[in-house]
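Colleague: Could you take me through the empty space inside this predicted model? I would like a close look at the largest cavity, and then at whatever other spaces help to place it.

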Amino acid sequence: MLLAVFFLALACFATWLYSVGELQLLENKGVSHFRQISGYHGIEDIVSVNGTLIASSEDRSWLRLLHPTNIPVSQRLEDTPDGALISIGPNLIKAARNGRPARLSRDQNFLELRGFYERFHPHGIDVHHLSSPEKKKMNLDAEYLVATINNKPTSRGIELFAWSDTTTHAVDHITTIHHSLFRWINAITMVSAQSFYATNWLYEDPGTFASTMEALTKQPLGYVIFCSFTASDASDVQCKVVLDKLRMPNGISYLPASDRVVVVQSLNKSIEIYEREETTHNLRLQRSFPTKSACDNIRPLGDERLLTACHPKQLTFSLHSAFPNNFNSPSQVLLIDTNAQDDESAVQEIVVVASGVPFSAASVALVTDDGTSMVLGAVHDDGILILENPI
């Protein structure tokens, strides 16, 4: 009887290991030629703006994913140094690609946050190119609106900054958006200068036993919100849930050409495309692509193909997140062709860093504007990885 129970438990454990990707064999792909620009850890999300990369970065050890602690998350955030917005110009990427020394520095790459004096723990980031009417309505002499999620010790918010142009090493703080639906928002995608969608990836506070169980049991507690606000000062914030009962919604991207929204469900191992209702902003499922990995952020290529960075071995990723100096985690990049007829064949694996060396747990992948390189950022690793574009 005990032997039967033992083998049953072993079979259940093996099934669970298979379900989180731990039993799959990985081989390196697309990483035979690479360069790394180091100098700052935790460049988790990146957007390309007119050839320049702007990234949100910080030490995310306070998250304590699957590593619960009795220390309140507010105290962990209070004790963690502030993060930064980082600008990486095309010349630095070109220098690294050509084998010349390239390193991030505070003086050259950190954007000054003018007019912002609070704690700063950035997560997801998006940049909106302002139209002339939007500039006039917001009374801004700037080309871009930068929106980044900020996990402050006492509350979650979205910071809005005006960015004159990509050659300026400073952004001007406009305002902070708050709402009761901002529990643990992860990623944001701007629809206009006064509206956006965002994913709420965790319901419970990270680093708690409840949050650990939420992730381990893949509880459908996540949701996507749509928010609108007064453009001039971000007052009159109106938010509503447009998708709920999701399993850790993560990356999100608005596709303006087709007026669709793409959502990553990390623990559902899927990427969904939704049609957007113009007046209500509600979302209706159009397609679902299986990823077989826990994917993270997602970036469009401009032709409605999509790039997403994924964690193919979720247990290994959890160990890396809990102990980044002791465990490496594989990195994977998937290309999704939204025009493909078959959902499964639309997903193509193009990059794999099987051992997590030289780059662990990539969380974002995008192609440089000149099309020559692919850039990866990571949750905990140092800097960015630059690859020959495999697409």
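Modeller: Happy to! In this predicted model, 33 residues line the largest cavity, and those nearest its centre are Leu65, Met248, Leu267, Phe317 and Ser318. The elements that each give two or more residues to this lining are β11 (195-202), α6 (209-216), β18 (294-300) and α7 (314-322). Of these, α7 provides the largest share, with five residues. The cavity has a volume of about 470 Å³, and its lining is made up of 16 nonpolar, 12 polar and five charged residues.

How many cavities of 30 Å³ or more are there? The count comes to two. The second largest has a volume of about 30 Å³, and around it sit Asp45, Ala187, Ile188, Gly251, Ile252, Asn297, Ile298 and Arg299. Two or more lining residues each come from β10 (184-192), β14 (249-255) and β18. Here β18 gives the most, with three residues, and you have already met β18 in the lining of the largest cavity. By type, the lining of the second largest cavity divides into four nonpolar, two polar and two charged residues.

Now for the open spaces. The largest pocket has a volume of about 800 Å³ and a lining of 28 residues, with Val47, Ser48, Asp126, Tyr254 and Pro300 nearest its centre. Strand β18 appears here too: along with β2 (43-49), β6 (122-129), β10, β14 and β22 (362-367), it supplies at least two residues of the lining. If you follow β18 through the model, then, you will find it contributing to the largest cavity, the second largest cavity and the largest pocket. The lining of the largest pocket comprises 15 nonpolar, eight polar and five charged residues.

The second largest pocket holds about 270 Å³ of space. Its lining has 17 residues, and His41, Pro324, Asn325, His380 and Asp381 lie nearest its centre. Sorted by type, these lining residues are four nonpolar, nine polar and four charged.

One last stop, at a helix. In α3 (residues 90-97), Leu92, Ile93, Ala95 and Ala96 are buried. Seen down the helix axis, the buried residues of α3 fall within an arc of 160°, so they line one face of the helix. Among the elements covering them are β1 (34-41), β3 (52-57), β4 (84-88), α4 (106-109) and β24 (382-388). Just after α3, glycine 99 takes a positive phi of about 85°.

Notes
Residues are numbered from 1 along each chain as its sequence is written. This is a predicted model: local features need pLDDT of at least 70, side-chain atom pairs count only at pLDDT 80 or more; totals for chains, interfaces and linings use all residues. Side-chain values use heavy atoms; hydrogens and water are left out. Buried means under 20% relative accessible area, exposed over 50%, partly exposed in between (1.4 Å probe, protein chains only). Helices (H or I, at least four residues) and strands (E, at least two) are DSSP runs, numbered from the N terminus. The arc is that of the directions from the helix axis to the C-beta atoms. Contact means heavy atoms within 4.5 Å. On a 1 Å grid over the protein atoms alone, a cavity is a set of points where a 1.4 Å probe fits but cannot get out, and a pocket is an open set with protein on both sides within 12 Å along at least five of seven lines; lining residues have an atom within 4 Å of a point. Grid points are joined across faces, edges and corners, and a volume is the space filled by probe spheres set on the points. Ala, Val, Leu, Ile, Met, Phe, Trp, Tyr, Cys and Pro count as nonpolar, Asp, Glu, Lys and Arg as charged, and the others, Gly among them, as polar.
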